[in-house]
Amino acid sequence: MSERRVVVTGLGAVTSVGKTVDDFWQNVLAGKSGAGPITRFDASRFKTKFACEVKDFDVLDYFDRKEARKYDLFTHFAVVAADEAIKDAGIDKENVDVERTGVIFSSGNGGLITFENLVIDYVDSGYNPRFNPFFVTKVISNTSAGLISIKHGFQGVNYCPVAACASSSISIIEAFNHIKWNKAEVIVAGGSEAPISQATIGGFGAMRALSTENENPQGASRPFDNTRSGFVAGEGGGAVILEEREHAIARGAHIYAEVVGGGLSADAHHIAMSHSQGRGAYLSMKQALAEGGITPQDVDYINVHATSTPIGDIAEANALKNLYQGNYANLCVSATKSTTGHLMGGAGAIEAIISIKSLTDGVVPPTINTKTIDTEIDQNLDIVTTKARKKEVNYAMSNTFGFGGHNATVLFKKV
């Protein structure tokens, strides 16, 4: 049996720079930063006092009050992004086979805000063991995948890959695989995160992973720059509808792009630090290219993981250098976490959307704030800075890497 082809037919996003795909994309192209003072809690005692929060997000615009209280913010983001993507794709339980329509949706951390608040309340109440009956389902990471399927009646494959910041890229790769394997026709894939909590900001701060440039939040994330000092936490979610190509054509769906490759690997090196030469990143990109049947020189754009950390950015640049052997040909890269912040488990989903839009619109978004490229990075690597660049993009890749040494690369093709 010939291998089934997989296309993207719907997009949805909730981010710090836009609560719809159109707004998100336009602001990414414009180089608008989503960073600002933290409002989710009193951050005055923390070294880092800013993050990329979703602005003016009223959950009651999307859920009724009773339903909203059952779920953590990460699930709110997931459902809103998925609903937009499902509507965009024009699918519902009346026009697809629900038994072959699935949901693979990730979160790296689950309901951290809910967990933190309950522990605080538990201690403040004198250890009164009266827990919210929805506590467990608000916290567990797979709630979003389950709720999306319940809301839309999709009964196919349903689960939640968890691999830190690589999570939602893995969701997309797993959806791609399931459709190729003839185990599904349509899958809602993606991920969301709501990590702006005291524990998360404190924990990453203790690791010295976060920028502490509180006087300049919007300029704090500057991947590849020789003065970069850490990442900026972000929140939100993204969703893509993956569909078997002939199925999409038969129902007259709009096709954004084709998914042609996915690579997964491990650094096998350190629990929280990338291998200095980007060993795992090199392997995940190599696998994605091999599955797509193309060479590195065929890729026009890579949305790189680059979070603006001193070690991680160099590791990814070294992986690219090893993969390309100095022959970058038509390649350019950009690091859009400089705009959105780092959505952790949701990063891969929104960066996949950016990669797809670069194909459809023929434009590459900028890496904002980056002025002087670190001298340890190959100076021949074409990093798009300052402003968006018009460019024909036929193949685009998206990289995401997570603590534990998890690496994921997705390869998209223009249609």
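A salt bridge here is a side-chain nitrogen of Lys or Arg within 4 Å of a carboxyl oxygen of Asp or Glu. In this predicted model, the count comes to 14 salt bridges by that rule. One of them joins Glu 67 and Lys 70, whose closest N and O atoms are 3.4 Å apart; because the cut-off is 4 Å, this pair qualifies.

Three of the pairs are listed below.

| Acidic residue | Basic residue | N to O distance |
|---|---|---|
| Glu 67 | Lys 70 | 3.4 Å |
| Glu 185 | Arg 100 | 2.7 Å |
| Glu 246 | Arg 245 | 3.0 Å |

The pair of Glu 185 and Arg 100 links distant parts of the chain, 85 residues apart. Glu 185 lies in the loop between helix 7 (167–180) and strand 6, and Arg 100 in the loop between helix 3 (73–89) and strand 4 (101–106). Glu 185 is buried at 14% relative accessibility, whereas Arg 100 is partly exposed at 22%.

In the other two pairs, Glu 67 is partly exposed at 26% relative accessibility and Lys 70 is partly exposed at 23%. Glu 246 is partly exposed at 45%, and Arg 245 is partly exposed at 26%. Salt bridges with shared partners also join Arg 4, Arg 100 and Glu 185 into one network.

Strand 6 (residues 186–193) contains Ser 192. Ser 192 has a relative accessible area of 0% and is therefore buried. Beyond its neighbours within four places in sequence, Ser 192 contacts residues including Phe 74, Phe 77, Phe 105, Ser 144, Gly 236, Gly 237 and Gly 346.

Methods:
Residues numbered from 1 in each chain as written. Predicted model: local features only at pLDDT ≥ 70, side-chain atom pairs only at ≥ 80, totals over all residues. Heavy atoms only, no water. Helix = DSSP H or I, 4+ residues; strand = E, 2+ residues; numbered from the N terminus. Buried < 20%, exposed > 50% of the residue type's maximum accessible area, 1.4 Å probe, protein only. Contact = heavy atoms within 4.5 Å.
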